[in-house]
Amino acid sequence: MGLFVFLALIVLAVVYVVALYNGLVTARNGYKNAFAQIDVQLTRRHDLIPNLVETAKAYLAHERGTLEAVIQARNMAVKGLADAKEKPGDSGAMAQLAASETSLNQSLGRLFAVSEAYPDLKANETMAQLSEELTSTENRVAFARQAYNDSVMTYNNRCEMFPSSFIANSFSFTQAHPLHIEDAAVREAPKVSFA
């Protein structure tokens with residue numbers, strides 16, 4: 001009878017450890033999936049920008065520097081996203097992605113500020129439609145970023161809370177890092193107004 005109780009306790013302990021491990025794996029996969037949603041929205045955003053630039057080119061030929069800055073910032077943002085996709089949750093990758101997206105937001109802001117001065121461009125249907133799509137995408141990016149950061153928090157809590165912290169440390173579950181945009185003004189979607 002004592003042997004049966006001892007074996008039952010061992011089986012319960014093993015089941016408990018397996019449940020903790022599986023919970024950590026589920027949380028890690030959750031934040032990776034949440035990052036995949038950011039990837040989808042940022043890719044959509046990055047795909048819209050060349051169309052926006054091409055539409056503006058005809059009207060803003062003498063603002064070539066502004067257009068080139070947007071293109072360069074978009075290319076850096078695409079690279080930042082590619083690097084972050086390889087290592088979602090990595091602090092360096094998240095910092096690089098945040099910096100490249102900040103730069104892209106700033107250059108888009110300059111493009112929209114310049115475009116406000118040109119009535120023909122403001123009245124262009126394609127430009128207005130692309131701007132609306134970009135604004136909508138910015139909102140989706142914000143929601144995806146929030147979901148990712150919530151998933152990272154859940155995962156990190158599981159890794160740090162007792163008793164799952166023992167399992168996390170034993171199986172090399174490393175802390176994930178959220179995606180933060182440092183400049184509060186950049187956290188907002190670029191203001192697009194063709195009124």
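Trainee: Leaving aside its neighbours within four places in sequence, which residues is T66 in contact with?

Mentor: This is a predicted model, and in it T66 is in contact with R110, L111 and V114 once neighbours within four places in sequence are left aside. T66 itself is in helix α2.

Trainee: What makes T66 count as buried?

Mentor: Its relative accessible area is 17%. The cut-off for buried is under 20%, so T66 is called buried.

Trainee: Which other residues of α2 are buried?

Mentor: Besides T66, the buried ones are L67, V70, A73, R74, A77, G80, L81 and A84. Residues three or four places apart on an α-helix point the same way, because there are 3.6 residues a turn. What covers the buried residues of α2 includes α1 and α3.

Trainee: How do you know that the span of α2 is close to what is expected?

Mentor: Set one value against the other: α2 has 23 residues and reaches 34 Å from its first C-alpha to its last, and 33 Å is expected at 1.5 Å a residue.

Trainee: On to the cores. Which residues touch the most other members of the largest nonpolar core?

Mentor: F35, I38, L97, Y148, Y155, F173 and L179, out of 27 residues in that core. Two or more residues each come from α1 (2–57), α2 (64–86), α3 (91–115), α5 and α6. The largest share, 9 residues, comes from α1. There is also a second, separate core of 19 residues, which includes I49, A77, L111 and L134.

Trainee: What is F35 in contact with, neighbours within four places in sequence aside?

Mentor: F35 is in contact with L81, A84, K85, P88, M94, L97 and Y148.

Trainee: And L179, why is that one called buried?

Mentor: Its relative accessibility is 3%; buried means under 20%, so L179 counts as buried. L179 lies in the segment after α6. Not counting residues up to four places away in sequence, L179 touches I38, M94, L97, A98, R145, Y148 and N149. The C-alpha atoms of L179 and Q96 are separated by 9.8 Å, with their positions 83 residues apart along the chain.

Trainee: Why is the pair of Y31 and Y148 called edge-to-face?

Mentor: A pair of aromatic rings is described by the distance of the centres and the angle of the planes. For Y31 and Y148 those are 6.3 Å and 70 degrees. Centres must lie within 6.5 Å to pair, and planes over 60 degrees apart count as edge-to-face, so this pair meets both conditions.

Trainee: What does that pair tie together?

Mentor: Y31 lies in helix α1 and Y148 in helix α5, so the pair ties together parts that are 117 residues apart in sequence. Y31 and Y148 are both buried. They also belong to one aromatic cluster with F35 and Y155.

Trainee: How many aromatic pairs are there in the whole structure?

Mentor: A search finds 6. One of them is F162 with F166, where the centres are 5.5 Å apart and the planes at 80 degrees, so that pair is edge-to-face too.

Trainee: Are F162 and F166 buried or exposed?

Mentor: Exposed means over 50%. F162 has a relative accessible area of 65%, so F162 is exposed. F166 is at 52%, so F166 counts as exposed as well.

Trainee: What makes S164 count as buried?

Mentor: S164 is at 9% relative accessibility, under the 20% cut-off, so it counts as buried. S164 is in helix α6, and a polar atom of its side chain lies 3.1 Å from the backbone oxygen of M161. Not counting residues up to four places away in sequence, S164 touches L20, L24 and R158.

Trainee: Which peptide bond is cis, and what is its omega?

Mentor: The bond from F162 to P163, with omega near 5 degrees. P163 lies in the loop between α5 (125–160) and α6 (164–170). Most peptide bonds are trans.

Trainee: What is the phi of S172?

Mentor: It is positive, about 60 degrees, although S172 is not a glycine. Most residues other than glycine have a negative phi. S172 lies in the segment after α6. At 58% relative accessibility, over the 50% cut-off, S172 counts as exposed.

How values were computed:
Residues numbered from 1 in each chain as written. Heavy atoms only, no water. Helix = DSSP H or I, 4+ residues; strand = E, 2+ residues; numbered from the N terminus. Buried < 20%, exposed > 50% of the residue type's maximum accessible area, 1.4 Å probe, protein only. Polar contact = N/O pair within 3.5 Å; in protein donor to acceptor, adjacent residues only side chain to side chain. Contact = heavy atoms within 4.5 Å. Core = buried A, V, L, I, M, F, W, Y, C linked by side-chain atoms within 4.5 Å. Phe/Tyr/Trp six-rings, centres within 6.5 Å; stacked < 30°, edge-to-face > 60°. Expected span 1.5 Å × (residues − 1).
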